[in-house]
Amino acid sequence: MALELRQQLKLSQQLVMTPQLQQAIKLLQLSRLELVDAINQEIEENPALEELSEHTPKELSDESPDAEEPRSAEAAAESEVKIEEKLDTDIDWDNYIEEYNSTGKTHYEAEHRESTSFEAFVSEKKSLNDHLLWQLLMFLPSEFEKEIGCLIIGNLDQDGYLTTTVEELSAASNYPADMVEDVLETLQSFDPPGVCARSLGECLLIQARQLKIDDPVLTRIITHHIKDLENKNYKAIARALKIPITGVLAAVTVIQGFESKPGRIFSDEEPHYIIPDIFVYKEEGEFIIVLNDDGMPKLRVNPYYRKAISQGKDLTGETREYLQEKMRSAAWLIKSIHQRQKTIYNVMESILKFQSEFFDKGIAYLKPMVLRDVAQDIGMHESTISRVTTNKYALTPQGIFELKFFFNSSINRVHGESAIASVSVQDKIKQIIDKENPQKPYSDEKIAQMLKEDANIDIARRTVAKYREAMRILPSSKRKQF
């Protein structure tokens, strides 16, 4: 079989994403904070893009700024000069008079320098490792204690638990295991109580020891019945210890005051602040949609570069091409941001049309809705709606919600009634659990039965369990209180 090269013509259609389209899609799926960061970065990189402020002058007209209109003879005659020499208005007369009236030599600066704002100084949050190292150094350790202590502190997780064994620490430090154990016992007496523990039981025992709680029942519960304690199986603990259940409940009350994660207070997780992208108000019986432009930079193409392109005859080819590219990039960015805001507004307007009862009455009136409903309503693709509703938040009369919140599956009702949104079913489950008797909590099967009888909602027990876990609600065995 012979191999040969051959040319062939082929006609086909292909979707090509231009850089402008890629930029528009990228901006569409950014959150508000990410969009502000992207705009600020573009302002730094693109000289043709500038931010408008309150003190920004108006754009230059097409006329030359140096060309001044000639003054008429009548206007010149009307003006009368009373002082032949004009005084400099930039002189600081207050400092001028004070200097000549002072008894000694003084010095002042004509320019006003802003004083340093104390709000600019942000204190660094102390970590758990720094807190323990400070206590270790205050303990005035020897060289080997300092080395072993630093090694132990370096092997703590974010909750303050030791993630390795004494044998591994001994092998890593080349010190005997009993010396490592002694240093570990010293670190376990540090603040916060329970730190450097190797298990939950040891953490609780350390806190009981620091509080000088010498109760044999409490010690035996923590040491031998930690699993029953987690499952709230207090009757099994009472049978095993051969004591009344009241004694078990008294010890459990003390244990509940302990901290299971000592390093929690030193967590370095930053709070996630939500800034709404859009506001929904109700005024005079009608809902009003307002885009949130606070903190969003107002952009424009630099008029000086625009004028240089239109009137500059001395620009070289490379300079002109560079300026044109930057101006096109700036114009496309401004257009993409406006298109993004317009799309968010249209999506919110469509959501308001479908979910008007929710905005007026609450979560119980939320209707089932999918992305296709809004996409067909405003004439866009579902993928575009998905990008718009991701990490975008709306401030409504019912609270702050992500736009994704309004899209949820439907749950069928009994007797052919209209379907209900899954989020509304979760809210009904939460209301049932909030009203239950803490001593006799409802099981998932019982909740499913109550939903069917009271609200005509037909769901299985496992669906109730799934929604309950999604809302981070414990099962009935762990909700029970004595």
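Trainee: In which helix of this predicted model does serine 422 lie?

Mentor: Serine 422 lies in helix α19, which covers residues 422-434.

Trainee: Why is serine 422 called buried?

Mentor: Its relative accessibility is 7%. Buried means under 20%, and serine 422 therefore counts as buried.

Trainee: Which residues does serine 422 touch, not counting residues up to four places away in sequence?

Mentor: Serine 422 touches Asn408, Ser409, Ile411 and Tyr467. The criterion behind each of these contacts is heavy atoms within 4.5 Å.

Trainee: Why does asparagine 174 count as exposed?

Mentor: Asparagine 174 has 69% relative accessibility. The cut-off for exposed is over 50%, so the residue counts as exposed. Asparagine 174 is found in the loop between α7 (166-173) and α8.

Trainee: How is lysine 232 classed on that scale, and why?

Mentor: Lysine 232 is at 24% relative accessibility. That value falls between the limits of 20% and 50%, so lysine 232 counts as partly exposed. Its place is the loop between α11 (226-230) and α12 (234-241).

Trainee: What makes the backbone of asparagine 174 notable?

Mentor: Its phi is near 60 degrees, a positive value in a residue other than glycine. Lysine 232, which is not a glycine, also has a positive phi, of about 60 degrees. Most residues other than glycine have a negative phi.

Trainee: Where is there a cis peptide bond, and what omega does it have?

Mentor: The bond from aspartate 191 to proline 192 is cis, with omega near 5 degrees. Proline 192 is found in the loop between α8 (177-187) and α9 (200-210). Most peptide bonds are trans.

Trainee: How do you know that β2 and strand β3 pair?

Mentor: Pairing requires at least two bridges. β2 and β3 (residues 286-291) have 6 bridges, in the antiparallel sense, and therefore pair. One bridge sets isoleucine 278 against its partner in β3, leucine 291. The hairpin of β2 and β3 has 2 residues between the strands, and in this hairpin glutamate 284 takes a positive phi near 55 degrees.

Trainee: What makes β2 and β5 a strand pair?

Mentor: Strand β2 (residues 278-283) and strand β5 (residues 393-396) run parallel and are joined by 2 bridges. The requirement is at least two, so this pair meets it. Phenylalanine 279 stands opposite leucine 395 in β5.

Trainee: How is β5 joined to β6?

Mentor: These strands run antiparallel and are joined by 4 bridges, with β6 covering residues 399-402. A hairpin of 2 residues connects them. Threonine 396 stands opposite glycine 399 in β6.

Trainee: Which members of the largest nonpolar core touch the most other members?

Mentor: They are Met348, Ile351, Phe359, Val374 and Phe406, in a core of 24 residues. The elements that each supply at least two residues of this core are β2, α15 (317-354), α16 (356-361), α17 (371-378) and α18 (382-388). The largest share, 5 residues, comes from α15. Apart from it lies another core, of 18 residues, among them Leu184, Leu187, Phe190 and Val195.

Trainee: What makes a residue such as Met348 eligible for a nonpolar core?

Mentor: Such a core admits buried residues of a set that includes Met, joined through side-chain atoms within 4.5 Å. Leaving aside neighbours within four places in sequence, methionine 348 is in contact with Ile278, Val280, Ile289, Phe359, Ala394 and Leu403. In soluble globular proteins, nonpolar side chains tend to be buried together.

Trainee: What lines the largest pocket?

Mentor: Its lining has 14 residues, of which Leu200, Leu229, Glu230, Ile255 and Gln256 lie nearest the centre. α9, α11 and α13 (245-255) each give two or more residues, and α11 provides the largest share, 3 residues. By class, the lining divides into 9 nonpolar, 2 polar and 3 charged residues. The pocket volume is about 410 Å³.

Trainee: Why is one space called a cavity and another a pocket?

Mentor: In a cavity the probe fits but cannot get out, whereas a pocket is an open set. A search of the whole structure finds 1 cavity of 30 Å³ or more. The largest cavity has a volume of about 40 Å³, and its lining consists of Leu136, Phe139, Glu145, Val183 and Thr186. These divide into 3 nonpolar, 1 polar and 1 charged.

How values were computed: Residues are numbered from 1 along each chain as its sequence is written. This is a predicted model: local features need pLDDT of at least 70, side-chain atom pairs count only at pLDDT 80 or more; totals for chains, interfaces and linings use all residues. Side-chain values use heavy atoms; hydrogens and water are left out. Buried means under 20% relative accessible area, exposed over 50%, partly exposed in between (1.4 Å probe, protein chains only). On a 1 Å grid over the protein atoms alone, a cavity is a set of points where a 1.4 Å probe fits but cannot get out, and a pocket is an open set with protein on both sides within 12 Å along at least five of seven lines; lining residues have an atom within 4 Å of a point. Grid points are joined across faces, edges and corners, and a volume is the space filled by probe spheres set on the points. Ala, Val, Leu, Ile, Met, Phe, Trp, Tyr, Cys and Pro count as nonpolar, Asp, Glu, Lys and Arg as charged, and the others, Gly among them, as polar.
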